[in-house]
Amino acid sequence: MTNTSDIPGPPARFLLGNLPEFKHNPLACVLNWQRDYGDIVHFKLGPRDFYLISHPELAEQALVQQQDTFIKMYDADRPNGLALILGQGLVTSSGELWRKQRRLMQPVFNRSSVVTMLPEMIQTFEKLNTRWCELPAGVAVNVADEMMRLTIEVITQTMFSTSVLGRIDQIGPALDIGLRFAAKSIMNPLRAPLWLPTRANREFINARNFLNDTIDVIISERRQDSGQYHDLLQMLLEAQDPETGEKMHDRQIRDEVLTIFSAGHETTATALSWTLALLANHPEILARLREEVAGVLNGKTPEIQDLSQLSYTRAVLEESMRIRPPVSMVMRKIATEANLQGYRLKAGGFAIFSIYNMHHHADFWVQPEVFDPERFLSAEKRNKAYMPFGIGHRFCVGNNFALIESQVLLALMVQHFDFELVNAQLPDMEMVVTLKPKDGLPMLIRSRCYD
Ligand code: HEM
């Protein structure tokens, strides 16, 4: 058995451990430490023990076989990290509450429910289409911002219908402040407690109060509204536990609405941004994608039955999420001392599973840095090192939503527009909640309508 002190890792400073370099650039640390020390690395952030895991078998042992040891860390008395903003929603809750909520929400996100939202997704694209057709020629646009706006609109439309669209325009920016603050807080055990009136704390508390109040009003108005709605909010209000028949109370719905809203747009926006950037750099792949889209859609908008035929479109997205996984790592608290293939991990420590490292692991991928959608064209080629939506019981509940949404939007975008990277090279990566293009993604967009 290898004890924690014998697991290789970077030298740690007195008291701070590896906090300064990790805080400065967590992604660089995760990449370099795997290269230098291997598939399991021990490091310290302040007094806490952390383990970086970059091998799919170790990840499987922890996240699938020992899920009661590697746990989400919601503490109702001292919420931290994303729980500061998302409360006890599905991403952050644990134990019996999580199990109950997952049972309730799973049907809302089944493929058969999600395909009914296709018209809203297409309608949202139509607005983008109008806007992009009016862009002045030769002016670069930040496509990362555009994709964020697009997916916020999709989740807004599908969650609340258009009736409240105007009012929730401010939700996006407030959520952004909240999520960024929450994500930073988890990596920094030395942060100022929330009751200290620092600028960051005040900004965060204002954003959180605004979000909670806004969602509370939307829920209470909907409860009094006798209109017919077919959207995610209505599905959440009506969802019933198949075992107990119980429904959710307002506070829980608020946490779930915020959770779905935040988990449901930035991830997909990031996936679409990288996909467009990668396609701009690989004209032969773009040409093949366009050929498929033209053959299947023949100039019309996609319908449900078209989705299964857009298999190359899907492979392009899957490969894009391999090479640039929007959620590049997941984290768990180690509840009791754990044994991972002979490595002893301390109780109270934290494990970081690097999806990015697994997606680029030379033992599992031929030429991992090459963008090659062929890898995903047949089921036999499936690879256990591929996990953009996580693994185990906390697997992304929104994966059907994300895949259908991005397949449809990508097909429509390449059908209607040409994209060119302003800086020719792919942008650098930056990890801010998701793995984003650093400094945005400036591109020239040209309508193909007049070709
Ligand atoms: C490309 C898009 C997406 C990616 C890459 C992604 C990735 C992930 C990953 C890796 C996890 C697991 C986290 C962990 O194990 O700690 C997760 C969980 C989750 N995702 Fe997604 N996601 C995407 C889109 C969505 C969408 C569209 C929604 C909702 C509409 C959503 C809702 C959730 C929720 C609620 C959870 C928590 C599930 C649970 O713990 O039971 N995600 N996602």
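**Cores, a ligand shell and one helix residue**

Modeller: This is a predicted model. In it, Val257 touches Met159, Ile215, Leu233 and Leu236, leaving aside residues up to four places away in sequence.

Biologist: What makes Val257 and Met159 count as touching?

Modeller: Two residues are in contact if their C-beta atoms lie within 7 Å. Val257 and Met159 are listed as touching, so their C-beta atoms lie within that cut-off.

Biologist: Why is Val257 called part of a nonpolar core?

Modeller: A nonpolar core joins buried residues of certain kinds, Val among them, through C-beta atoms within 7 Å. Val257 belongs to the largest such core, which has 84 residues. Met159, Val257, Phe261 and Leu409 have the most contacts inside it. Helix α17 gives the most to this core, with eleven residues. Another core, of 37 residues, lies apart from it, and includes Leu45, Leu52, Phe70 and Leu340.

Biologist: Why is Ile205 called partly exposed?

Modeller: Ile205 has 16 other C-beta atoms within 10 Å. Buried needs 20 or more, and exposed needs 12 or fewer. The count of 16 falls in between, so Ile205 is partly exposed. Ile205 sits in helix α10, residues 199-224. Leu194 is eleven residues from Ile205 in sequence, and 8.4 Å away, C-alpha to C-alpha.

Biologist: Which residues come nearest the ligand?

Modeller: Gly264, Thr267, Gly390, Cys396 and Gly398 do, out of 22 residues around the ligand. The elements giving two or more residues to this shell are α12 (250-263), α13 (266-280) and α17 (399-416).

Biologist: How is the shell around the ligand split by class?

Modeller: The shell has 14 nonpolar, six polar and two charged residues.

Note on methods. Residues numbered from 1 in each chain as written. Predicted model: local features only at pLDDT ≥ 70, side-chain atom pairs only at ≥ 80, totals over all residues. Helix = DSSP H or I, 4+ residues; strand = E, 2+ residues; numbered from the N terminus. Near = placed C-beta within 6 Å. Nonpolar A, V, L, I, M, F, W, Y, C, P; charged D, E, K, R; others polar.
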